[in-house]
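The following exercises concern a single protein chain and its three-dimensional model. Each task is followed by a solution that proceeds step by step.

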Amino acid sequence: MENSNVVRVKYKDQKKYVFSPTCTFESFLECVARKFDLPTMDIKVFDGSRTEVDQEAFEYLMKQPDVPVLEIFIPETTSEDSFNSGSLADAEDSSGSDDTVILTRSPRELRQAKERRLAQMIEDILKGSPGGDKIINEYARTKCLSDSRRRDMVKILVAHMTKEHGTSPPRRLKEDYALGIISLFPYLADPRSKLGYEHFYNGEDGSGYLAWRIKTLQKEASEGRVKRSRLSQAGGPSVDRDPYKEGNWLSDERQCEEAIALMKHTADESVIKEKMRLTLVYRQKILRDTDKSTDVLTIFPRFMDIPGLIEQDFTLLFGDTTSAKLMEKWSTNIKPKVIAQSRGLTQTGELQDLIQNAVATEVEEGWDSDMSSILLLVHLLPPSTQGRKRPGKISARQACDYLVKFLKNVVSIEGHLEGITQSVQPYLLAVGPKKSRIQSYFIVVDKQALPCKSSNSLAAVDELFKAHYVFGTTYCHELTNVYTFLQTTVYDIDVEITKVNPRVAELRARMLQ
């Protein structure tokens, strides 16, 4: 056929031309259902040799110069009698072969094939989602799911269902997902119910875990998603935290004030670091107080002249193991994969320079290898759109300026700080003769420059990330995807309760394979 989007279709005694605008199997089934006024899209398709046509075979046939007549059947009515002597006659003529006989599958075989297909669909969805492997592994180990794992599974499946089919998916689709669940996890089936999956979805009364989750999403959407971002359910820098280990923290306010006064007037760094350790809980209390949180650098000014205090606070909050993860994982595990993934992006001159510098051992122009690889991550996870109230979307190149700014060492840091005209989230200020020869890094917070402990670029990024948690400040919107990737993929902080952008989840899955 000249136009492979047009297919001759036979259903019972009717023959019609069907036009499929997008030339996909799903679109073809939708067009067939409309053309023949069928009550369902659960359709079986066969070619001239009486072989079933699935999505892969359909895509192959559509590329052929002469597409055969395709005959359709609704599974519930398919039987050996369906293929009578006159069935598919036209298709057999066009195929040029009549010496092959394919036995029609029984209703039982058809149902088993459907169960296998739906089980594979559920497995693919779970494996492609954060936390999905834990669900599959728990079932493999225990032959059941805990309440929390079952809730996770339902959330993952409904999220996929509503993403693909909207927040009001049809009954048939919900029944397919429910059947797929008990087909993949047979011990979750209810042996006392008619179908075995009614506790996941009951089409008779619209009840079940899947239906309830969908109703919750519909309600949130109708309320304008006001309750979507509850702090108790979200992870990240703004979560209230206790120290990683018990310690002899100063709890009496008078003792804390005495320690603060001593720190302001002593030059002994060991004394300052010890008093900062003792006042951690008091400092966390100040950060939770909306009236005092903006004064934390005024109350604890030694952050501004003693390097290492950010590192110390973060380690007290999360422990040595978590604190060391970026420095341990990046160069050997994450960085090579970031570079490899970046090669698949649309190549611009700037991106090519970053890739070239990221793989180099010595760099003459541009950022050094580690900083270049971090900026490649920004290109892999560019800013999301900001919604109707904040229209517009900045580029990945522009987003890089929210992570690090270069300051030539002939310009004063004070002059740079005075030029800040609006509130900004923490960022790195790299000072040196050129980008490849940075002499020192500073973290800019509230128009103050806090010295980094190291002049190493990766260590500076590590300290910048940690500053968000030490000062309880939210991620910069332009870098939220980058920071949540580092948080959940590298540092493993609040993985279970942090909602991530699908792009972050996709990249995370690639990195962790």
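Helices (H or I, at least four residues) and strands (E, at least two) are DSSP runs, numbered from the N terminus. The model examined here is predicted.

**Exercise 1. State how many helices and strands the protein has, and what share of its residues is buried.**

Solution. The protein contains 22 helices and 8 strands. Of its 513 residues, 46% are buried. Turning to contacts between residues at least 6 apart in sequence, 59% join residues at least 24 apart.

**Exercise 2. Locate Asp-494 and decide whether this residue is buried or exposed.**

Solution. Step one is the location: Asp-494 sits in the loop between α21 and α22 (502-512). Step two is the backbone: Asp-494 has a positive phi of about 50°, although it is not a glycine. Step three is the accessibility: the cut-off for buried is under 20% relative accessible area. With a relative accessible area of 19%, Asp-494 is therefore buried.

**Exercise 3. Carry out the same analysis for Lys-143.**

Solution. Lys-143 belongs to the loop between α5 (132-142) and α6. Its phi is positive, at about 60°, and Lys-143 is not a glycine. The relative accessibility of Lys-143 is 39%, so this residue counts as partly exposed.

**Exercise 4. Describe the span of helix α6, its buried residues and the residue that follows the helix.**

Solution. Helix α6 covers residues 147-165, which is 19 residues. From its first C-alpha to its last, α6 reaches 26 Å, close to the 27 Å expected at 1.5 Å a residue. The buried residues of α6 are Arg-149, Arg-150, Met-153, Val-154, Ile-156, Leu-157, Val-158, Met-161 and Thr-162. For reading such a list, it helps to recall that an α-helix has 3.6 residues a turn, so residues three or four places apart point the same way. After α6 comes Gly-166, with a positive phi near 85°.

**Exercise 5. Determine how helices α20 and α21 pack, and which residues make the contact.**

Solution. Two packed helices are described by the angle between their axes and the distance between the axes. For α20 (residues 457-470) and α21 (residues 480-490), the angle is about 90° and the axes are 11 Å apart. Angles of 65 to 115 degrees count as roughly perpendicular, and α20 is therefore roughly perpendicular to α21. On the α20 side, the contact is made by Leu-464, Phe-465, His-468 and Tyr-469. On the α21 side, Tyr-483, Leu-486 and Gln-487 take part. Sorted by class, the contact has 5 nonpolar residues, 2 polar residues and no charged residues.

**Exercise 6. Place Thr-473 in the model and identify its surroundings.**

Solution. Thr-473 is placed in the loop between α20 and α21. At 16% relative accessibility, Thr-473 counts as buried. The side chain of Thr-473 makes a polar contact with the side chain of Gln-425, at 2.9 Å. Not counting residues up to four places away in sequence, Thr-473 touches Pro-237, Gln-425, Pro-426, Ala-467 and His-468. Among these neighbours, His-468 also contributes to the contact of α20 with α21.

**Exercise 7. Which side chain makes a polar contact with the side chain of Ser-207, and which residues does Ser-207 touch?**

Solution. Ser-207 is found in the loop between α7 (171-184) and α8 (209-222). Its relative accessible area of 19% makes Ser-207 buried. The polar contact joins the side chain of Ser-207 to that of Asp-205, at 2.7 Å. With residues up to four places away in sequence not counted, Ser-207 touches Glu-198, Phe-200, Tyr-201, Asn-202 and Trp-212.

**Exercise 8. Explain what covers the buried residues of helix α1, and relate Phe-25 to Ala-57.**

Solution. In helix α1 (residues 25-35), the buried residues are Phe-25, Ser-27, Phe-28, Leu-29, Cys-31, Val-32 and Ala-33. Their cover includes β1 (6-11), β2 (14-19), β3 (44-46), α2 (55-62) and β4 (70-73). Ala-57 is found in helix α2 and is partly exposed, with a relative accessible area of 26%. Ala-57 and Phe-25 are 32 residues apart in sequence, and their C-alpha atoms are 9.3 Å apart in space. Just after α1, Asp-37 takes a positive phi of about 55°.

Technical notes:
Residues are numbered from 1 along each chain as its sequence is written. This is a predicted model: local features need pLDDT of at least 70, side-chain atom pairs count only at pLDDT 80 or more; totals for chains, interfaces and linings use all residues. Side-chain values use heavy atoms; hydrogens and water are left out. Axes are lines fitted to C-alpha atoms, for helices over the stretch in contact, and angles run from 0 to 180 degrees between N-to-C directions. Angles under 35 degrees count as roughly parallel, over 145 as roughly antiparallel, 65 to 115 as roughly perpendicular and the rest as oblique. Contact means heavy atoms within 4.5 Å. Ala, Val, Leu, Ile, Met, Phe, Trp, Tyr, Cys and Pro count as nonpolar, Asp, Glu, Lys and Arg as charged, and the others, Gly among them, as polar. Buried means under 20% relative accessible area, exposed over 50%, partly exposed in between (1.4 Å probe, protein chains only). A polar contact is a pair of N or O atoms within 3.5 Å; within protein, one must be able to donate a hydrogen and the other to accept it, and residues adjacent in sequence count only if both atoms are side-chain atoms. The expected span of a helix is 1.5 Å times one less than its number of residues.
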